[in-house]
Amino acid sequence: MISKEEFTKLHSKIATYIKRTPIMRSRLLNGLAETEVYFKCENFQRMGAFKMRGATAAILALSAEERAKGVVTHSSGNFAQAVSLSAKSLGIPAYIVMPSSAPQVKKDAVKTYGGQITECEPNIKAREAAAAKIEEETGATFLHPSNDLNVIYGQGTAAKEFLEDFPEFDVIITPVGGGGLLAGTALAVDFYAENCKTIGAEPFEVDDAYRSLESGKIEFNKTTNTIADGLKTNLGDKNFPIIQDKVSEIIRVEEEEIITAMKLIWERMKIVVEPSAAVAFAAVLREKEKFHGKRVGIIISGGNVDLSNLPF
C-alpha cells in the first residue's frame, strides 16, 4: 500500500496534466440539506470527470519502454476519454475498446482526444477479449478503470486537494460504482484528515457496494436499471479491501432522489453534472438528520451528460 509521502509525490507528479478543480457552495442547497455542503467540482476537470486523475497516474507509473507501446482499456464512458486524453498529453498511443452500443457522442469524444477505437459486441466478455487481443498484438499495457492501484491513488488526489482547502470536514461523500474514487478518497482522508469519515453513495437499483460491505465479499448486480450510468460496474479485489477498511458506510438512494438532486444542482448552482455525480448530494438530502450540523464535502464526479436525454 502507498505511504502518505508517496501519495503526496504522486499528486505532484500528475499536477501538470490535470486541473485543480474549484470548490463551490450554495446557500440555498445548504438550507435544503440543513447543513454546510461544499462541492469539489470534478465536472470542471479535463475531459469532464475525475477519471483524468487516475488515468494520468497509471500512465506515469509505466516505464518509458512500456509507455512507448501505449495503453489499452475497455470503456464506454469517462475512462475511455480520460485514457485517450492523458495518453495524448504524454505522446503515447491509446487503444480503446468500446461496445457498439456506446453513444456516438462518446465515440466522437474519444476520437477527438486521439484514442484509437475498436468496437465490439456490448458485453463484458467481448470487451475483455478485444482488449486482450490488442495487448498481444501491440504490447500495450492494460489499464483497468477502477481496480488498478495507481488509478485508485490518482482518483484520491481530488480529496487531497479538497482537504488542503478545507481541512476540517466531518465527512466526505463520493458516488461509488467501480470503487476507484471511493477507495482513493478514503485513502486521502486517512492520510490528510484527523476526524473525517468517508461515505459512499449509490442507487438502490445497483447497490452491490452496499451489499458487499454487508456480506464481506464482492457482490454483483442482477439488473442495472438506473439513471446513474457511471455506477453500474462492481467493485474489484484491489479497491474492495480499502473500502472495507476505511469507508464508514454506503448510503443508498432512489432514482427520483437522484433526479431531484441533479436538477437542484443544475438550477441553483448553474453547473452541468451527470446523474452519477448527483448521487452523493441525493444521499445528504435523504439522510438530513445524519449530517445535521456537520461540515460535508461532496465530490461531484463528472459532467459528461447526454443533453438530448435529460431526465427533467
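Is P241 buried, partly exposed or exposed? P241 is partly exposed, with a relative accessible area of 41%. Keep that residue in mind, as we will come back to its surroundings after a look at the whole protein. One thing to know before we start: this is a predicted model.

**The protein as a whole**

Welcome to the overall fold. The protein holds 14 helices and 10 strands. Its radius of gyration is 18 Å, close to the 20 Å that the globule rule gives for 312 residues, so the protein is as compact as a globular protein of that length. Taken along the principal axes, the C-alpha atoms fill a box of roughly 55 × 45 × 40 Å.

How much of the chain is tucked away? Of the 312 residues, 55% count as buried. The accessible surface comes to about 13300 Å², and carbon and sulfur atoms account for 47% of that surface. Contacts also reach across the sequence: among those between residues at least 6 apart, 72% join residues at least 24 apart.

**Five residues to visit**

The table gives a handy guide to some individual positions and how much of each is accessible.

| Residue | Place | Relative accessible area |
|---|---|---|
| H74 | strand 3 (residues 71–74) | 7%, buried |
| T157 | helix 8 (residues 149–165) | 0%, buried |
| E34 | loop between helix 2 (27–33) and strand 2 (36–41) | 42%, partly exposed |
| K270 | loop between helix 12 (255–269) and helix 13 (275–286) | 68%, exposed |
| P241 | helix 11 (residues 240–246) | 41%, partly exposed |

**Two buried residues and their neighbours**

Let us begin with H74, in strand 3. H74 counts as buried because its relative accessible area of 7% falls under the 20% cut-off. Leaving out residues up to four places away in sequence, H74 touches V97, I124, R127, E128, A131, F142 and P145.

T157, in helix 8, is buried too, at 0% relative accessibility. Which residues does T157 contact, setting aside neighbours within four places in sequence? They are F7, L10, H11, I14, I18 and R53. T157 can also be placed relative to G184: the two are 27 residues apart in sequence, and their C-alpha atoms are 7.5 Å apart in space.

**Two loop residues with a positive phi**

Now for a detail of the backbone. E34 is not a glycine, and yet it has a positive phi of about 60 degrees. E34 sits in the loop that runs between helix 2 and strand 2. K270 is not a glycine either, and it has a positive phi of about 60 degrees. For K270 the setting is the loop between helix 12 and helix 13. E34 is partly exposed at 42% relative accessible area, while K270 is exposed at 68%.

**Back to P241, and on to a pocket**

P241, where we started, lies in helix 11. Along the sequence, P241 and I218 are 23 residues apart, and from C-alpha to C-alpha they are 9.8 Å apart in space.

Our last stop is the second largest pocket, whose volume is about 200 Å³. Which residues line the second largest pocket? The lining is made up of F220, N221, T224, K232, T233 and N234. Sorted by class, that lining has 1 nonpolar, 4 polar and 1 charged residues.

How values were computed
Residues numbered from 1 in each chain as written. Predicted model: local features only at pLDDT ≥ 70, side-chain atom pairs only at ≥ 80, totals over all residues. Heavy atoms only, no water. 1 Å grid on protein atoms, 1.4 Å probe; cavity = no way out; pocket = protein on both sides within 12 Å on 5 of 7 lines; lining within 4 Å. Points joined across faces, edges and corners; volume = space filled by probe spheres on them. Nonpolar A, V, L, I, M, F, W, Y, C, P; charged D, E, K, R; others polar. Helix = DSSP H or I, 4+ residues; strand = E, 2+ residues; numbered from the N terminus. Rg over C-alpha atoms; globule rule 2.2 N^0.38 Å. Buried < 20%, exposed > 50% of the residue type's maximum accessible area, 1.4 Å probe, protein only. Contact = heavy atoms within 4.5 Å. Areas by Shrake-Rupley, 256 points an atom, 1.4 Å probe, with all protein chains shown as cover.
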